[in-house]
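Please open the model in a viewer and keep the sequence panel visible. The stops below are to be taken in order, each beginning with a selection.

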Amino acid sequence: MNFTHVIFDLDGTLLNTLEDLAAAGNHTCAAHGWPTFTPDQYRYKVGNGQPKLIERIIPAEYAGDGRMFEQVIGEFRAYYNAHKEDHTAPYPGVIDMLDTLRDAGVHLAVLSNKDHPAAEPLVARYFGARFDLVQGRIDAYPPKPAAPITRYVLDQLEADPASTLYVGDSNVDVATGHNAGLAVAGVSWGFRGRGELEAAGADYLVDTPAELAELICAPTNETR
């Protein structure tokens, strides 16, 4: 087949988490009397991990204020961890796609910039044991798109980069895969859309989970 291993982004690729992330961010901002944002605005604030999200929602006058940053990220994490399943759900067709890949013998993993203690239970809650490995953001590695954490996942999977596909919905995901020498499939149903993925240089663009499964399982000489 085209790929033997597939590493997925989580937010905006497998799970639609936008409403719960926006609610946590706005709850935190409102508690301090700061401006809040629409869910569409959060599409461009998420994707680089929770610390970067907090930097993007804190008012400019608090930039560089380490004490305020630690307070706010703690408040955000507490609220999000309590409410991360209020509206979150898999995108339509994703579970069927994952089952098709597993039945074909493809090894599956998740690599997310979501904090690891939040990522693991979400994947278990919505996808059971479909993934061989789930890796969220941890302090030992810089967040995506830096290559070290992607290479760590490849090592854990014993995967050959030449036959591994990274799948995501944003320019961060395209850079994540390419920085580690992987081909990247961009999914248009996520937070950022087809235009950003094209501009970022995704190797493949797919519009449905079923189309993604066909790409991955196709004989090598049909798509590469």
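**First stop: two loops**

Select Pro145, which is found in the loop between β5 (133–137) and α7 (147–157). The model is a predicted one. Now add Lys144 to the selection and look at the link between the two residues: a cis peptide bond joins Lys144 and Pro145, and its omega is about 15°.

Continue to the loop between α7 and β6 (164–168), where Glu158 is found. What sign does phi have at Glu158? The phi of Glu158 is positive, at about 55°, although the residue is not a glycine.

**Second stop: α3 against α4**

Two packed helices are described by the angle between their axes and the distance between the axes. Three helix pairs can be examined in this way.

Select α3 (50–57) together with helix α4, residues 66–83. Their axes are 10 Å apart and the helices pack at an angle of about 115°. This angle makes α3 roughly perpendicular to α4. The crossing of the pair is right-handed.

Which residues of α3 meet α4? From α3, display Gln50, Pro51, Leu53, Ile54 and Glu55; from α4, display Phe69, Val72, Ile73, Phe76, Arg77 and Tyr80, which they meet. Coloured by type, the residues of this contact divide into 8 nonpolar, 1 polar and 2 charged.

**Third stop: α1 against α4**

Keep α4 on display and add helix α1, residues 18–31. Here the packing angle is about 140° and the axes lie 9 Å apart. That angle makes α1 oblique to α4. In passing α4, α1 makes a right-handed crossing.

On the α1 side, select Asp20, Leu21, Ala23, Ala24, Gly25, His27 and Thr28. They meet Val72, Glu75, Phe76, Tyr79, Tyr80 and His83 of α4. The residues of this contact comprise 7 nonpolar, 4 polar and 2 charged.

Within α4, select Val72, Phe76 and Tyr80 once more: these residues take part in the contact with α3 and also in the contact with α1.

**Fourth stop: α5 against α10**

Hide the previous helices and select helix α5 (residues 94–103) and helix α10 (residues 209–217). How far apart are their axes? The distance is 8 Å, and the packing angle is about 15°. With this angle, α5 is roughly parallel to α10. The crossing of α5 past α10 is right-handed.

The α5 residues to display are Val94, Met97, Thr100 and Leu101. Opposite them in the contact are Pro209, Leu212, Ala213, Ile216 and Cys217 of α10. This contact divides into 8 nonpolar residues, 1 polar and no charged.

**Last stop: the cavity**

Rolling a probe the size of a water molecule over the atoms shows where empty space is left. How many cavities of 30 Å³ or more does the structure hold? It holds 1, and the largest cavity has a volume of about 220 Å³. To find it, select Asp11, Val46, Gly47, Gly49 and Asn113, which are the closest to its centre among the 18 residues that line it.

Next, show α3 again along with β4 (107–115), since the tour now turns to the lining: each of these elements supplies at least two of its residues. The element that gives the most is β4, with 3 residues. Finally, colour the lining of the largest cavity by residue type: 4 residues are nonpolar, 6 are polar and 8 are charged.

Conventions:
Residues numbered from 1 in each chain as written. Predicted model: local features only at pLDDT ≥ 70, side-chain atom pairs only at ≥ 80, totals over all residues. Heavy atoms only, no water. 1 Å grid on protein atoms, 1.4 Å probe; cavity = no way out; pocket = protein on both sides within 12 Å on 5 of 7 lines; lining within 4 Å. Points joined across faces, edges and corners; volume = space filled by probe spheres on them. Helix = DSSP H or I, 4+ residues; strand = E, 2+ residues; numbered from the N terminus. Nonpolar A, V, L, I, M, F, W, Y, C, P; charged D, E, K, R; others polar. Axes fitted to C-alpha atoms, helices over the stretch in contact; angles between N-to-C directions. Parallel < 35°, antiparallel > 145°, perpendicular 65-115°, else oblique. Left-handed = near helix turned anticlockwise from the far one by under 90°. Contact = heavy atoms within 4.5 Å.
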